[in-house]
Structures are given as structure tokens and as C-alpha cells.
Amino acid sequence: PIAFVAGLIPLVVATGAAQISRRSLGTPVFAGMIAASAVGIFVIPLLYVVFQKLREHGFRTNRAVTNADEASGGD
């Protein structure tokens with residue numbers, strides 16, 4: 001992704017003939033790749049950690065309830 005984003009820089013900073021069309025094409029693609037890379041690097045691992053913590057917490061809670069029910073006779 002870094003090479004692709006670096007390759008888009010000339011489109012984003014274009015000057016001269018056809019600068020409007022080059023900038024209008026390069027800017028959204030550049031921003032989209034930056035956003036997609038940020039999601040892939042920061043958001044997805046963060047969601048993994050959050051869901052893993054929720055899963056562990058839920059498992060401990062359910063397990064504690066099951067053990068307490070067994071100890072009290074299952075009522």
C-alpha cells in the first residue's frame with residue numbers, strides 16, 4: 001500500500017495541462033488508500049482485541065454461573 005500511495009502523489013500535486021482531471025482522480029484514490037490502510041492497521045486489530053476480551057469475559061461469567069448451579073444442586 002505504501003508504494004501505491006507514493007505513486008499517487010504526482011497525481012495529487014499535478015500542475016500544468018490536465019491538472020484538474022489528474023487531481024480529481026488522484027485525490028480520492030489517495031485518500032481512500034490512506035483510509036483503507038488505517039482501517040487495516042488500527043481498527044481491525046482493535047476490534048479483534050475487543051471481541052476477544054468480550055469472549056473471555058462472557059466465558060468466565062457463564063462458567064461461574066454453571067459451576068454455582070452445579071454446587072447448589074442445579075435449581
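Helices here are DSSP runs of H or I with at least four residues, numbered from the N terminus. With that in hand, this is a predicted model of a protein chain that has 2 helices and 0 strands. A loop sits between α1 (2–12) and α2, and A14 is found in it. Here's a quick tour, from the chain as a whole down to a few residues.

**The chain overall**
- Just 5% of the 75 residues in the protein chain are buried.
- Its accessible surface adds up to about 6000 Å², and carbon and sulfur atoms account for 71% of that.

**The nonpolar patch**
- V39, I41, F42, V43, I44, L46, L47, V50, F51 and L54 make up a nonpolar patch on the surface.
- Taken together, these residues offer about 990 Å² of accessible area.
- One of them is L54, which lies in helix α2 (residues 19–71).
- L54 counts as exposed because its relative accessibility is 54%, and the cut-off for exposed is over 50%.

**A14 in the loop**
- A14 has a relative accessibility of 6%, so it counts as buried; the bar for that is under 20%.
- Leaving out residues up to four places away in sequence, A14 touches Q19, R22 and R23.
- A14 and G26 are 12 residues apart along the chain, and their C-alpha atoms are separated by 9.0 Å.

**A18 and its backbone**
- A18 is also a resident of the loop between α1 and α2.
- A18 isn't a glycine, yet it has a positive phi of about 65°.
- Most residues other than glycine have a negative phi.
- With a relative accessible area of 42%, A18 is partly exposed.

Definitions and conventions:
Residues numbered from 1 in each chain as written. Predicted model: local features only at pLDDT ≥ 70, side-chain atom pairs only at ≥ 80, totals over all residues. Heavy atoms only, no water. Patch = residues over 30% accessible without salt bridge, like charges linked within 9 Å, V, L, I, M, F, W, Y side chains within 5 Å. Areas by Shrake-Rupley, 256 points an atom, 1.4 Å probe, with all protein chains shown as cover. Salt bridge = Lys/Arg side-chain N within 4 Å of Asp/Glu carboxyl O. Buried < 20%, exposed > 50% of the residue type's maximum accessible area, 1.4 Å probe, protein only. Contact = heavy atoms within 4.5 Å.
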